[in-house]
Amino acid sequence: MRVIELGGIGPGPFTGMMLADLGAEVIRLDRPGSDGSQDMLSHQVLLRGRRSLALDLKKPEGVEVALRLSAASNAVFEGFRPGVAERLGIGPEDIHARNSRVVYGRMTGWGQEGPMAHVAGHDINYLAVSGALHPLIGVEQAPSPPLNMLGDFGGGGMLLALGLLAGLLEARTTGVGRVVDAAIVDGVALQTAMLHAMRNSGDWSERRGTNLFDGGAPFYRCYETSDGQWMAVGAVEPKFYERLVHTLELDEALPAGEQYVTANWEPAKVIVADRFKSCSQAEWVDTFKGVDACVTPVIAPWDVLEEHGGIGARSYENRGFPEPRPAPRFGGAPSPTPQAHRAVGSDSRRILEEAGYSLDEIEQLVSSGVTAQA
(Lines give C-alpha, C1' and ligand atoms only; values in the text may rest on other atoms or scores of the structure.)
Protein backbone atom coordinates (compact mmCIF):
# COMPACT_ATOMS: atom_id res chain seq x y z
CA MET A 1 0.00 0.00 0.00
CA ARG A 2 1.23 3.47 -0.88
CA VAL A 3 -0.14 6.33 1.19
CA ILE A 4 0.37 10.06 0.68
CA GLU A 5 0.42 12.11 3.87
CA LEU A 6 -0.13 15.84 3.52
CA GLY A 7 2.13 17.17 6.24
CA GLY A 8 0.58 18.38 9.49
CA ILE A 9 0.99 18.05 13.24
CA GLY A 10 -0.44 15.88 16.01
CA PRO A 11 -3.01 13.24 15.07
CA GLY A 12 -2.21 13.19 11.34
CA PRO A 13 1.46 12.27 11.83
CA PHE A 14 0.34 9.67 14.39
CA THR A 15 -1.80 8.05 11.68
CA GLY A 16 1.15 8.11 9.30
CA MET A 17 3.38 6.53 11.92
CA MET A 18 0.91 3.72 12.56
CA LEU A 19 0.44 2.94 8.87
CA ALA A 20 4.19 3.01 8.24
CA ASP A 21 4.78 0.80 11.28
CA LEU A 22 2.34 -1.73 9.82
CA GLY A 23 4.21 -1.86 6.51
CA ALA A 24 2.62 0.77 4.28
CA GLU A 25 4.83 2.92 2.08
CA VAL A 26 3.99 6.38 3.38
CA ILE A 27 5.29 9.47 1.58
CA ARG A 28 5.02 12.68 3.53
CA LEU A 29 4.56 15.95 1.65
CA ASP A 30 6.18 18.60 3.84
CA ARG A 31 6.29 22.37 3.56
CA PRO A 32 9.77 23.47 2.37
CA GLY A 33 11.83 25.08 5.09
CA SER A 34 9.89 23.58 8.00
CA ASP A 35 12.63 21.22 9.17
CA GLY A 36 13.92 23.48 11.92
CA SER A 37 10.55 24.20 13.49
CA GLN A 38 9.68 23.09 17.01
CA ASP A 39 6.89 20.98 15.53
CA MET A 40 9.46 18.84 13.74
CA LEU A 41 11.50 18.39 16.92
CA SER A 42 8.50 17.40 19.03
CA HIS A 43 7.24 15.07 16.28
CA GLN A 44 10.48 13.24 15.57
CA VAL A 45 9.03 9.88 16.71
CA LEU A 46 5.66 10.52 15.06
CA LEU A 47 7.46 11.16 11.74
CA ARG A 48 9.43 7.93 11.71
CA GLY A 49 9.34 5.31 9.00
CA ARG A 50 8.51 7.36 5.91
CA ARG A 51 10.17 9.45 3.25
CA SER A 52 9.78 13.21 2.89
CA LEU A 53 9.14 15.28 -0.22
CA ALA A 54 9.38 19.03 0.31
CA LEU A 55 6.52 20.55 -1.66
CA ASP A 56 4.98 24.01 -1.80
CA LEU A 57 1.25 23.37 -2.18
CA LYS A 58 0.53 27.08 -2.66
CA LYS A 59 2.08 26.90 -6.10
CA PRO A 60 0.22 25.26 -9.01
CA GLU A 61 3.24 23.16 -9.90
CA GLY A 62 3.33 21.80 -6.34
CA VAL A 63 -0.36 20.93 -6.47
CA GLU A 64 0.22 19.09 -9.74
CA VAL A 65 2.99 17.01 -8.15
CA ALA A 66 0.69 16.15 -5.22
CA LEU A 67 -2.13 15.13 -7.58
CA ARG A 68 0.21 13.01 -9.67
CA LEU A 69 1.57 11.19 -6.65
CA SER A 70 -1.88 10.77 -5.11
CA ALA A 71 -3.38 9.30 -8.28
CA ALA A 72 -0.68 6.61 -8.22
CA SER A 73 -1.36 5.75 -4.55
CA ASN A 74 -3.93 3.77 -2.61
CA ALA A 75 -4.77 6.43 -0.04
CA VAL A 76 -4.25 10.09 0.82
CA PHE A 77 -4.92 11.87 4.07
CA GLU A 78 -4.76 15.44 5.35
CA GLY A 79 -5.46 17.38 8.54
CA PHE A 80 -6.51 20.77 7.20
CA ARG A 81 -9.55 22.73 8.29
CA PRO A 82 -12.63 22.01 6.15
CA GLY A 83 -12.37 23.61 2.71
CA VAL A 84 -8.61 24.23 2.75
CA ALA A 85 -7.73 21.19 0.62
CA GLU A 86 -10.40 22.20 -1.91
CA ARG A 87 -9.03 25.73 -2.13
CA LEU A 88 -5.57 24.34 -2.73
CA GLY A 89 -6.90 22.04 -5.46
CA ILE A 90 -6.10 18.75 -3.69
CA GLY A 91 -9.50 17.89 -2.24
CA PRO A 92 -11.28 14.55 -2.73
CA GLU A 93 -12.95 15.57 -5.99
CA ASP A 94 -9.63 16.73 -7.44
CA ILE A 95 -7.95 13.42 -6.64
CA HIS A 96 -10.90 11.20 -7.55
CA ALA A 97 -11.07 12.91 -10.93
CA ARG A 98 -7.72 11.24 -11.63
CA ASN A 99 -8.22 7.97 -9.74
CA SER A 100 -11.59 7.04 -8.24
CA ARG A 101 -10.07 4.16 -6.24
CA VAL A 102 -8.04 6.40 -3.93
CA VAL A 103 -9.26 6.46 -0.32
CA TYR A 104 -9.20 10.04 0.97
CA GLY A 105 -8.82 10.53 4.72
CA ARG A 106 -9.66 13.78 6.51
CA MET A 107 -8.59 14.51 10.08
CA THR A 108 -10.29 17.40 11.89
CA GLY A 109 -11.32 18.26 15.40
CA TRP A 110 -15.00 18.92 14.80
CA GLY A 111 -15.72 17.14 11.50
CA GLN A 112 -16.27 18.42 7.97
CA GLU A 113 -19.61 20.06 8.71
CA GLY A 114 -21.65 21.45 11.58
CA PRO A 115 -21.60 24.63 13.71
CA MET A 116 -18.04 24.04 15.00
CA ALA A 117 -16.47 22.81 11.76
CA HIS A 118 -14.49 25.99 11.08
CA VAL A 119 -13.66 26.83 14.70
CA ALA A 120 -10.15 26.32 16.06
CA GLY A 121 -9.67 23.78 18.82
CA HIS A 122 -7.25 21.48 20.58
CA ASP A 123 -7.42 18.15 22.37
CA ILE A 124 -8.77 19.68 25.59
CA ASN A 125 -11.66 21.33 23.73
CA TYR A 126 -12.72 18.12 21.99
CA LEU A 127 -12.66 16.26 25.30
CA ALA A 128 -14.63 19.05 26.96
CA VAL A 129 -17.61 19.14 24.61
CA SER A 130 -17.77 15.35 24.11
CA GLY A 131 -18.31 14.70 27.83
CA ALA A 132 -14.98 12.93 28.31
CA LEU A 133 -13.17 15.68 30.26
CA HIS A 134 -15.77 16.27 32.98
CA PRO A 135 -15.10 13.04 34.95
CA LEU A 136 -11.31 13.49 34.91
CA ILE A 137 -10.51 15.07 38.25
CA GLY A 138 -7.30 17.00 38.86
CA VAL A 139 -5.99 19.51 41.39
CA GLU A 140 -8.73 21.23 43.42
CA GLN A 141 -11.34 19.10 41.67
CA ALA A 142 -10.80 20.86 38.33
CA PRO A 143 -11.15 18.69 35.22
CA SER A 144 -7.65 17.56 34.25
CA PRO A 145 -6.77 16.67 30.63
CA PRO A 146 -4.85 13.39 30.16
CA LEU A 147 -2.10 15.16 28.20
CA ASN A 148 -3.16 15.07 24.51
CA MET A 149 -3.37 11.30 24.31
CA LEU A 150 -7.11 10.66 24.59
CA GLY A 151 -8.16 13.07 21.85
CA ASP A 152 -5.32 13.62 19.37
CA PHE A 153 -4.02 10.08 19.32
CA GLY A 154 -6.66 7.71 20.72
CA GLY A 155 -9.70 9.51 19.35
CA GLY A 156 -8.03 11.04 16.31
CA GLY A 157 -4.98 9.32 14.85
CA MET A 158 -6.11 5.76 15.56
CA LEU A 159 -9.63 6.51 14.32
CA LEU A 160 -8.30 7.80 10.99
CA ALA A 161 -5.96 4.81 10.63
CA LEU A 162 -8.90 2.44 11.20
CA GLY A 163 -11.08 4.37 8.75
CA LEU A 164 -8.40 4.32 6.06
CA LEU A 165 -7.89 0.56 6.44
CA ALA A 166 -11.65 -0.03 6.20
CA GLY A 167 -11.78 2.20 3.11
CA LEU A 168 -8.91 0.34 1.50
CA LEU A 169 -10.65 -3.00 2.05
CA GLU A 170 -13.84 -1.66 0.47
CA ALA A 171 -11.97 -0.15 -2.48
CA ARG A 172 -10.45 -3.55 -3.23
CA THR A 173 -13.97 -4.93 -3.64
CA THR A 174 -15.89 -2.03 -5.19
CA GLY A 175 -13.17 -0.13 -7.03
CA VAL A 176 -14.39 3.08 -5.38
CA GLY A 177 -12.44 5.06 -2.82
CA ARG A 178 -14.47 6.59 -0.01
CA VAL A 179 -13.85 9.88 1.79
CA VAL A 180 -13.09 9.10 5.45
CA ASP A 181 -14.29 11.90 7.76
CA ALA A 182 -12.40 11.26 11.02
CA ALA A 183 -13.31 13.89 13.63
CA ILE A 184 -11.52 13.80 16.97
CA VAL A 185 -14.73 14.70 18.78
CA ASP A 186 -16.37 11.60 17.25
CA GLY A 187 -13.48 9.37 18.29
CA VAL A 188 -13.59 10.70 21.83
CA ALA A 189 -17.36 10.19 21.95
CA LEU A 190 -16.85 6.54 20.96
CA GLN A 191 -14.62 6.08 23.99
CA THR A 192 -17.40 7.24 26.33
CA ALA A 193 -19.69 4.34 25.30
CA MET A 194 -19.28 2.37 28.53
CA LEU A 195 -19.58 5.49 30.68
CA HIS A 196 -22.99 6.34 29.22
CA ALA A 197 -24.15 2.75 29.51
CA MET A 198 -23.13 2.63 33.18
CA ARG A 199 -24.94 5.88 33.94
CA ASN A 200 -28.07 4.69 32.15
CA SER A 201 -28.08 1.48 34.18
CA GLY A 202 -27.60 3.35 37.46
CA ASP A 203 -23.98 2.26 37.91
CA TRP A 204 -22.46 5.74 37.54
CA SER A 205 -23.13 8.75 39.73
CA GLU A 206 -23.02 12.32 38.42
CA ARG A 207 -20.96 13.23 41.49
CA ARG A 208 -17.38 13.23 40.26
CA GLY A 209 -14.90 11.13 42.21
CA THR A 210 -17.50 8.74 43.63
CA ASN A 211 -17.51 6.08 40.93
CA LEU A 212 -15.78 2.85 40.08
CA PHE A 213 -13.25 4.19 37.59
CA ASP A 214 -12.82 7.86 38.58
CA GLY A 215 -10.97 7.37 41.86
CA GLY A 216 -14.07 6.95 43.98
CA ALA A 217 -13.48 3.27 44.72
CA PRO A 218 -10.69 2.43 47.19
CA PHE A 219 -9.71 -0.52 45.01
CA TYR A 220 -9.30 1.51 41.78
CA ARG A 221 -7.04 4.50 42.35
CA CYS A 222 -3.46 5.54 43.04
CA TYR A 223 -1.85 5.74 46.48
CA GLU A 224 1.24 7.67 47.52
CA THR A 225 4.15 5.82 49.10
CA SER A 226 6.54 6.95 51.83
CA ASP A 227 9.12 8.17 49.28
CA GLY A 228 6.69 10.35 47.34
CA GLN A 229 6.10 7.76 44.61
CA TRP A 230 2.81 6.08 43.74
CA MET A 231 1.21 2.65 43.45
CA ALA A 232 -1.72 1.96 41.11
CA VAL A 233 -4.46 -0.34 42.40
CA GLY A 234 -7.00 -1.93 40.05
CA ALA A 235 -8.41 -4.75 42.20
CA VAL A 236 -11.95 -4.58 40.79
CA GLU A 237 -12.89 -8.25 40.98
CA PRO A 238 -13.46 -9.78 44.46
CA LYS A 239 -10.62 -12.30 44.15
CA PHE A 240 -8.13 -9.52 43.42
CA TYR A 241 -9.56 -7.35 46.18
CA GLU A 242 -9.16 -10.13 48.71
CA ARG A 243 -5.51 -10.56 47.71
CA LEU A 244 -4.97 -6.81 47.89
CA VAL A 245 -6.42 -6.56 51.39
CA HIS A 246 -4.58 -9.65 52.61
CA THR A 247 -1.22 -8.48 51.25
CA LEU A 248 -1.75 -5.09 52.91
CA GLU A 249 -2.56 -6.97 56.17
CA LEU A 250 -5.91 -5.21 56.41
CA ASP A 251 -8.24 -8.25 56.54
CA GLU A 252 -9.89 -7.17 59.77
CA ALA A 253 -10.24 -3.51 58.83
CA LEU A 254 -11.63 -4.20 55.36
CA PRO A 255 -13.95 -7.26 55.26
CA ALA A 256 -13.98 -8.77 51.77
CA GLY A 257 -17.77 -8.90 51.60
CA GLU A 258 -18.02 -5.12 51.91
CA GLN A 259 -15.97 -4.27 48.81
CA TYR A 260 -18.90 -2.79 46.88
CA VAL A 261 -20.62 -1.04 49.80
CA THR A 262 -20.13 2.49 48.53
CA ALA A 263 -20.91 4.01 51.93
CA ASN A 264 -17.65 2.47 53.17
CA TRP A 265 -15.48 3.70 50.33
CA GLU A 266 -14.31 6.98 51.87
CA PRO A 267 -13.09 5.51 55.17
CA ALA A 268 -11.60 2.54 53.29
CA LYS A 269 -9.56 4.90 51.10
CA VAL A 270 -8.11 6.52 54.20
CA ILE A 271 -7.15 3.13 55.67
CA VAL A 272 -5.51 1.93 52.44
CA ALA A 273 -3.76 5.27 51.90
CA ASP A 274 -2.23 5.17 55.38
CA ARG A 275 -0.99 1.65 54.77
CA PHE A 276 0.65 2.47 51.44
CA LYS A 277 2.24 5.58 52.97
CA SER A 278 4.07 3.34 55.47
CA CYS A 279 6.54 1.92 52.90
CA SER A 280 8.46 3.04 49.83
CA GLN A 281 7.41 2.20 46.30
CA ALA A 282 10.29 -0.27 45.94
CA GLU A 283 9.22 -2.03 49.12
CA TRP A 284 5.64 -2.33 47.88
CA VAL A 285 6.82 -3.66 44.52
CA ASP A 286 8.73 -6.35 46.39
CA THR A 287 5.75 -7.07 48.66
CA PHE A 288 3.35 -7.54 45.74
CA LYS A 289 5.83 -9.49 43.62
CA GLY A 290 4.09 -12.72 42.60
CA VAL A 291 0.74 -11.57 44.03
CA ASP A 292 -1.99 -11.47 41.38
CA ALA A 293 -3.84 -8.46 42.82
CA CYS A 294 -3.67 -5.88 39.99
CA VAL A 295 -1.21 -3.67 41.85
CA THR A 296 1.64 -1.97 39.99
CA PRO A 297 4.02 0.93 40.50
CA VAL A 298 3.35 4.20 38.69
CA ILE A 299 6.40 4.63 36.47
CA ALA A 300 7.55 7.98 35.12
CA PRO A 301 7.72 8.07 31.30
CA TRP A 302 11.47 8.60 31.35
CA ASP A 303 12.01 5.53 33.56
CA VAL A 304 10.01 2.95 31.58
CA LEU A 305 13.08 1.28 30.06
CA GLU A 306 14.52 0.27 33.41
CA GLU A 307 11.48 -0.40 35.54
CA HIS A 308 9.01 -3.17 36.38
CA GLY A 309 9.68 -6.59 35.02
CA GLY A 310 10.85 -5.81 31.52
CA ILE A 311 7.57 -4.31 30.29
CA GLY A 312 9.54 -1.33 29.01
CA ALA A 313 11.81 -3.60 26.96
CA ARG A 314 8.73 -5.11 25.31
CA SER A 315 6.97 -1.85 24.52
CA TYR A 316 9.88 0.53 23.95
CA GLU A 317 13.05 0.79 21.92
CA ASN A 318 16.04 2.49 23.56
CA ARG A 319 17.18 5.24 21.21
CA GLY A 320 18.77 7.29 23.96
CA PHE A 321 15.19 7.89 25.06
CA PRO A 322 12.17 5.56 25.15
CA GLU A 323 10.61 5.22 21.70
CA PRO A 324 7.40 3.16 21.51
CA ARG A 325 7.68 0.02 19.40
CA PRO A 326 5.22 -0.65 16.55
CA ALA A 327 1.97 -2.27 17.62
CA PRO A 328 0.03 -4.48 17.37
CA ARG A 329 2.26 -7.48 16.89
CA PHE A 330 1.57 -10.27 14.43
CA GLY A 331 2.25 -13.92 15.13
CA GLY A 332 5.05 -15.43 13.10
CA ALA A 333 6.47 -12.05 12.07
CA PRO A 334 9.31 -10.22 13.80
CA SER A 335 8.51 -6.85 15.31
CA PRO A 336 9.86 -4.24 12.87
CA THR A 337 12.34 -1.55 13.84
CA PRO A 338 11.22 1.68 12.14
CA GLN A 339 13.71 3.98 10.51
CA ALA A 340 14.26 7.29 12.26
CA HIS A 341 12.41 10.33 10.96
CA ARG A 342 13.82 11.95 7.82
CA ALA A 343 14.63 15.62 7.43
CA VAL A 344 12.17 17.61 5.33
CA GLY A 345 12.97 17.09 1.67
CA SER A 346 15.46 14.28 2.23
CA ASP A 347 13.89 12.19 -0.50
CA SER A 348 12.52 14.86 -2.83
CA ARG A 349 14.55 14.03 -5.91
CA ARG A 350 14.19 10.29 -5.54
CA ILE A 351 10.41 10.46 -5.10
CA LEU A 352 10.04 12.75 -8.12
CA GLU A 353 12.19 10.46 -10.23
CA GLU A 354 10.03 7.49 -9.24
CA ALA A 355 6.95 9.51 -10.22
CA GLY A 356 8.35 9.91 -13.74
CA TYR A 357 9.76 13.42 -13.61
CA SER A 358 12.83 14.00 -15.74
CA LEU A 359 16.01 15.51 -14.34
CA ASP A 360 15.30 18.77 -16.17
CA GLU A 361 11.78 18.90 -14.73
CA ILE A 362 13.11 18.27 -11.25
CA GLU A 363 15.70 21.04 -11.61
CA GLN A 364 12.94 23.40 -12.71
CA LEU A 365 10.85 22.50 -9.66
CA VAL A 366 13.85 23.09 -7.39
CA SER A 367 14.84 26.39 -8.98
CA SER A 368 11.27 27.72 -8.76
CA GLY A 369 11.00 26.80 -5.06
CA VAL A 370 8.27 24.22 -5.60
CA THR A 371 10.44 21.54 -4.01
CA ALA A 372 13.69 21.39 -2.08
CA GLN A 373 16.30 18.80 -1.23
CA ALA A 374 17.63 18.54 2.32
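Helices and strands are taken here as DSSP runs, of at least four residues for a helix (H or I) and at least two for a strand (E), numbered from the N terminus. In these terms, A343 is found in the loop between β11 (322-324) and α14 (348-354). The structure that holds this loop is a predicted model, and its overall make-up is set out before the individual elements and residues are taken up.

The protein contains 15 helices and twelve strands. Along the principal axes, its C-alpha atoms fill a box of roughly 85 × 45 × 40 Å. Of the 374 residues, 42% count as buried, and among the contacts with a separation of 6 or more, 65% are accounted for by residues 24 or more positions apart.

One sheet is open and consists of seven strands in the order β6-β5-β4-β1-β2-β3-β12, with mixed pairing. The strands at its edges are β6 (179-183) and β12 (371-372), each of which pairs on one side only. Helix α7, which spans residues 149-174, packs on this sheet and touches β4, β5 and β6, while its direction makes about 165° with that of β5. Between β4 and β5 the pairing is parallel and extends over four bridges, and F77 stands opposite G105 in β5.

Towards the β12 edge, strand β3 (residues 51-55) is mostly covered, in that four of its five residues are buried. The pairing of β3 takes both senses: four bridges join β2 to β3 in a parallel run, whereas two bridges join β3 to β12, and these two strands run antiparallel. In the pairing with β2, I27 stands opposite R51 in β3, and in the pairing with β12, the bridge partner of L55 is T371.

A further open sheet has three strands in the order β7-β8-β9, with antiparallel pairing. Here β7 and β9 are the edge strands, each pairing on one side only, and neighbouring strands are turned by 20° against each other on average when direction is ignored. Strand β8 (residues 230-234) is largely enclosed by the rest of the structure, because four of its five residues are buried. Five bridges join strand β7 (residues 220-224) to β8 in the antiparallel sense, with Y220 standing opposite G234 in β8. The hairpin formed by β7 and β8 has five residues between the strands, and in this hairpin G228 takes a positive phi near 80°. On the other side of β8, three bridges lead to strand β9 (residues 295-297), again with the strands running antiparallel, and M231 stands opposite P297 in β9. Helix α11 (residues 265-276) lies across β7, β8 and β9 and runs at about 40° to β7.

The largest pocket has a volume of about 1,200 Å³. Its lining comprises 47 residues, of which G7, G8, I9, G79 and F80 are the closest to the centre. The elements that contribute two or more residues to this lining are the strands β1 (2-6), β2 (25-30), β4 (75-78) and β5 (103-108), together with the helices α1 (11-21), α2 (38-42), α4 (84-88) and α6 (123-130). Divided by class, the lining has 23 nonpolar, 13 polar and eleven charged residues.

Two individual residues illustrate different settings in the model. D21 has its place in helix α1, and its relative accessible area of 11% lies under the 20% cut-off, so D21 is classed as buried. When residues up to four places away in sequence are not counted, D21 touches R48, P326, P336 and P338.

A343, in the loop between β11 and α14, has a relative accessible area of 26%, and this value falls between the cut-offs of 20% and 50%, so A343 is described as partly exposed. The contacts of A343 are with D35, S52 and A374, again leaving out residues up to four places away in sequence. A343 and A256, by contrast, are 87 residues apart in sequence and 58 Å apart in space, taken from C-alpha to C-alpha.

Key. Residues numbered from 1 in each chain as written. Predicted model: local features only at pLDDT ≥ 70, side-chain atom pairs only at ≥ 80, totals over all residues. Heavy atoms only, no water. 1 Å grid on protein atoms, 1.4 Å probe; cavity = no way out; pocket = protein on both sides within 12 Å on 5 of 7 lines; lining within 4 Å. Points joined across faces, edges and corners; volume = space filled by probe spheres on them. Nonpolar A, V, L, I, M, F, W, Y, C, P; charged D, E, K, R; others polar. Pairing = 2+ DSSP bridges. Contact = heavy atoms within 4.5 Å. Axes fitted to C-alpha atoms, helices over the stretch in contact; angles between N-to-C directions. Buried < 20%, exposed > 50% of the residue type's maximum accessible area, 1.4 Å probe, protein only.
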